[in-house]
Amino acid sequence: KTKIIKISDLYNDDIQYACDVLKNGGLVAFPTETVYGLGACALNPTAVKKIFEVKGRPQDNPLIVHLASLEQVNELAFVEEKYVNVIKRLTPGPVTFVLKKKEIIPPEVTAGLDTVGVRVPAHPIAQRLAQCAGPIAAPSANLSGKPSPTDAKSVIEDLFGLVECIIDAGESAFGIESTIIDLTRERPLVLRPGPVTIEELNEIFKEFGGVEFYIPKSDEKPLAPGMKYRHYAPEKVLKMVEPEKIQQYADKDVLILCTLETLEKYLRNAKNVHIIGEYAKPYTIAQNLYKSLRLVDKSPYPEAVIEKLPEEGIFFSIMNRIKKAVSKF
Ligand code: TXA
Ligand code: MG
């Protein structure tokens, strides 16, 4: 039932097929530069509802609407004049803007909120799809609770047989989900850290006094409803461990997820290690993180540990995901 389309050539005619699936109310998993998305036509409530069913997604968790270009934004949402330039600077790219929604967007997309998250992905295939099919509502293309898919293989693992079409365009460039900025408040508010870092945003939003970072209070409903769920999480026990303490897991019945540098420094001959990237090149860690988390459940080891990382720049976004993936006791 699921058609898998391998696309390395942007002008492959199969994009037309995927586009027709969307126009006919079907679901298409497609690549973006962050993670793979599970798309439905954003203006078709019946199609949008299918996304929630297929993923097992909680009803109160709104979807991001993907557009081919900024011109489409004004049809769907209100953009304050003062933000036009910063939005342009960050578009297309791995950033989602939360804006006041217009009537045209069905409540199924926004889980009843009066705001909508919109994003113009830089990935050429995502762009072509939105150009041809119109605005696409899409969460990450995983089953709810699992790590987001960063390649088609992971999408197939979760969604084969459940959706009409999966587009395979190789690995996602960033590997973690878009940065979400709420522009409906007094100050720009980062709801989810992502590939564009807080430091970069402070620079870009300088004239507005920088951005604030949203930390949900434990007793309140979070502004990005999705952020309250344990996420990206393996079924097995996963613990976070400081690099200098990781040695004690060498050759134990535990899978060690760590950076290349930590392996070289502390774990030279250990066999139970999987490299998540290079400390010196943190974007490689972002790119491999979710595949590594998926490996925890597939590996023969009954538990796993992951190296604790710093919290500056892109590391902050990576640690945000790791903290949601580790087991709470
Ligand atoms: O990179 C990404 O953002 C990927 C690709 C496919 O675009 N998408 C993605 O979607 O990560 P999802 O559904 O897994 O995460 C969307 C997050 C959720 O935490 C949701 O609560 C939040 O965005 N969100 C969506 N619309 C919102 C809104 N109107 N107000 C606040 N948060 C919103
Ligand atoms: Mg998701």
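**Backbone features, ligand shell and parallel sheet of the predicted model**

Alanine 111 is placed in the loop between α5 (107–110) and β7. Although alanine 111 is not a glycine, its phi is positive, at about 50°. The structure described here is a predicted model. A further backbone feature of the model is the cis peptide bond between threonine 91 and proline 92, for which omega is about -10°. Proline 92 belongs to the loop between α4 (84–89) and β6 (95–101).

Strand β7 (115–119), which follows the loop that holds alanine 111, also takes part in the surroundings of ligand 1. The shell around this ligand draws at least two residues from each of β4 (64–66), β7 (115–119) and β11 (189–192). The largest share is that of β7, with four residues. In total, 27 residues surround ligand 1, and those that come nearest are Thr34, Asn61, His66, Arg119 and Ser178. By residue class, the shell comprises 14 nonpolar, nine polar and four charged residues.

Several side chains place an N or O atom close to oxygen atoms of the ligand. For threonine 34, the distance from a side-chain N or O atom to an oxygen atom of ligand 1 is 2.6 Å. In the case of arginine 57, a side-chain N or O atom lies 2.8 Å from an oxygen atom of ligand 1. The side chain of arginine 192 likewise has an N or O atom at 2.8 Å from an oxygen atom of the ligand. On its own, ligand 1 has 680 Å² of accessible area, of which the protein covers 97%.

Strand β11, one of the contributors to the ligand shell, pairs with two strands described here. With β10 (residues 179–182), the pairing is antiparallel and extends over three bridges. Within this pair, isoleucine 181 has valine 190 of β11 as its bridge partner. The connection from β10 to β11 is a hairpin of six residues. With β12 (residues 212–213), by contrast, β11 pairs in the parallel sense, over two bridges. Here leucine 189 is found opposite glutamate 212 of β12.

A separate description applies to the strands β13 to β16. These four strands make up an open sheet with parallel pairing, in the order β13-β16-β14-β15. Because β13 (237–241) and β15 (273–277) occupy the edges and each has a single partner strand, one side of each is left without a neighbour in the sheet. On average, neighbouring strands of this sheet are turned by 25° against each other, direction ignored. The pairing between β14 (residues 254–259) and β15 is parallel and comprises four bridges. Threonine 259 is located opposite glycine 277 of β15.

Two helices lie across strands of this sheet. Helix α10 (residues 282–298) lies across β13, β14, β15 and β16 (303–307), and its direction is at about 150° to that of β15. Helix α11 (residues 314–325) lies across β13 and β16, and runs at about 140° to β13. The edge strand β13 is thus crossed by α10 and also by α11. Strand β15, at the other edge, is among the strands across which α10 lies.

Technical notes. Residues numbered from 1 in each chain as written. Chains lettered and ligands numbered in written order. Predicted model: local features only at pLDDT ≥ 70, side-chain atom pairs only at ≥ 80, totals over all residues. Heavy atoms only, no water. Pairing = 2+ DSSP bridges. Axes fitted to C-alpha atoms, helices over the stretch in contact; angles between N-to-C directions. Contact = heavy atoms within 4.5 Å. Near = heavy atom within 4 Å. Polar contact = N/O pair within 3.5 Å; in protein donor to acceptor, adjacent residues only side chain to side chain. Areas by Shrake-Rupley, 256 points an atom, 1.4 Å probe, with all protein chains shown as cover. Nonpolar A, V, L, I, M, F, W, Y, C, P; charged D, E, K, R; others polar.
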